[in-house]
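Visitor: I should be grateful for a close look at one part of this model, with attention to its charged side chains. Please take me through that part in a connected account.

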Amino acid sequence: MERTLDELQRTLQVEVDPALLQLALTHRSFAYENGGIPTNERLEFLGDSILGQAVTVKLFGDHPELDEGELAKRRASLVSSAALAEVGRSIGVGPYIRLGRGETMTGGADKPSILADTVEAIIGAVYVDAGGDAATAFVLRLITPLLDDPERFGAAMDPKTSLQEIAARRGAPPPVYTVTESGPDHQKHFVATVSVGELVRASGEGSSKKQAEMAAALEAWTELNTR
């Protein structure tokens, strides 16, 4: 495992204590199957905050011409699960995630929600081990390719319309959504799947049906836009 983590650290271009990095890669499904060991969820919580602050400051400084509403929309685009999943794929983090057997068998290493959560956990690990400046620099290095893609912001602000438009341009039928829900009434969890004919099938998650559908649409749009 040490050699593997060394390889990942070279990809990340940052030094993190191996034990802490391993924790950042430990999904709850793996922890459950291995005696309830600690998971990456606390680091994910921390990383989410560091990510949001770094992106907010970057957008505020770089775009004095944008009002509060536009800044908020751009931030939402950059910290979305779809965007973070794209970051996770770009740095090849999927194969390093420690997953339970069930998640491994169902392709958990490439699920947007798991990739996004792991990226946030790694950001949290960088903060804990190397400090705030290093964590901020790490975040900005990760999101620079997203900042340089102006089309992303239009899609992220209205992903369902953007997906419908790209489907029409490809001569495909309109997107079709299906949504499932789970959890108690006070803590519902929604998973949406969207299909665009035979072109693409993608999924997204959220705390509301609308949020899940938007996440699925953005994931599908991102995949189609890279082909």
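Guide: The model is a predicted one, and a search of the whole structure finds ten salt bridges. Two of these involve helix 12, the part considered here: one joins Glu-213 to Lys-160, and another joins Arg-89 to Glu-219.

Helix 12 covers residues 209–225, a run of 17 residues. From its first C-alpha to its last it reaches 24 Å, close to the 24 Å expected at 1.5 Å a residue. Its buried residues include Ala-212, Ala-215, Ala-216, Ala-217 and Ala-220, together with Leu-218, Trp-221, Thr-222 and Leu-224. Two acidic residues, Glu-213 and Glu-219, also belong to the buried set.

Glu-213 has a relative accessible area of 11% and is therefore classed as buried, the cut-off being under 20%. Its salt bridge is with Lys-160, and the closest N and O atoms are 2.8 Å apart. This pair links distant parts of the chain, since Lys-160 lies in helix 11 (residues 159–169) and is 53 residues apart from Glu-213 in helix 12. Lys-160 itself is partly exposed, at a relative accessible area of 30%.

Salt bridges that share partners also join Arg-89, Asp-110 and Glu-219 into one network. Within this network, the side chains of Arg-89 and Glu-219 meet at 3.0 Å, N to O. Here too the pair links distant parts of the chain: Arg-89 sits in helix 6 (residues 81–90), Glu-219 in helix 12, and 130 residues set them apart. Glu-219 counts as buried because its relative accessibility is 8%, whereas Arg-89, with a relative accessible area of 35%, is partly exposed.

A pair within one helix offers a point of reference. Lys-58 and Asp-62 form a salt bridge of 3.0 Å, N to O. Both residues belong to helix 4 (residues 41–62), and because they are four residues apart, about one helical turn separates them. Lys-58 is partly exposed at 29% relative accessible area, and Asp-62 is likewise partly exposed at 43%.

Acidic side chains also appear in another setting, a negative surface patch formed by Asp-6, Glu-15, Asp-17 and Asp-129. Glu-15 lies in the loop between helix 1 (2–12) and helix 2 (18–24). At 63% relative accessibility, Glu-15 counts as exposed, while Glu-213 and Glu-219 of helix 12 are buried.

Technical notes: Residues numbered from 1 in each chain as written. Predicted model: local features only at pLDDT ≥ 70, side-chain atom pairs only at ≥ 80, totals over all residues. Heavy atoms only, no water. Expected span 1.5 Å × (residues − 1). Buried < 20%, exposed > 50% of the residue type's maximum accessible area, 1.4 Å probe, protein only. Patch = residues over 30% accessible without salt bridge, like charges linked within 9 Å, V, L, I, M, F, W, Y side chains within 5 Å. Areas by Shrake-Rupley, 256 points an atom, 1.4 Å probe, with all protein chains shown as cover. Salt bridge = Lys/Arg side-chain N within 4 Å of Asp/Glu carboxyl O. Lys, Arg positive; Asp, Glu negative; His and termini not counted. Charge placed at Lys NZ, Arg CZ, Asp CG, Glu CD.
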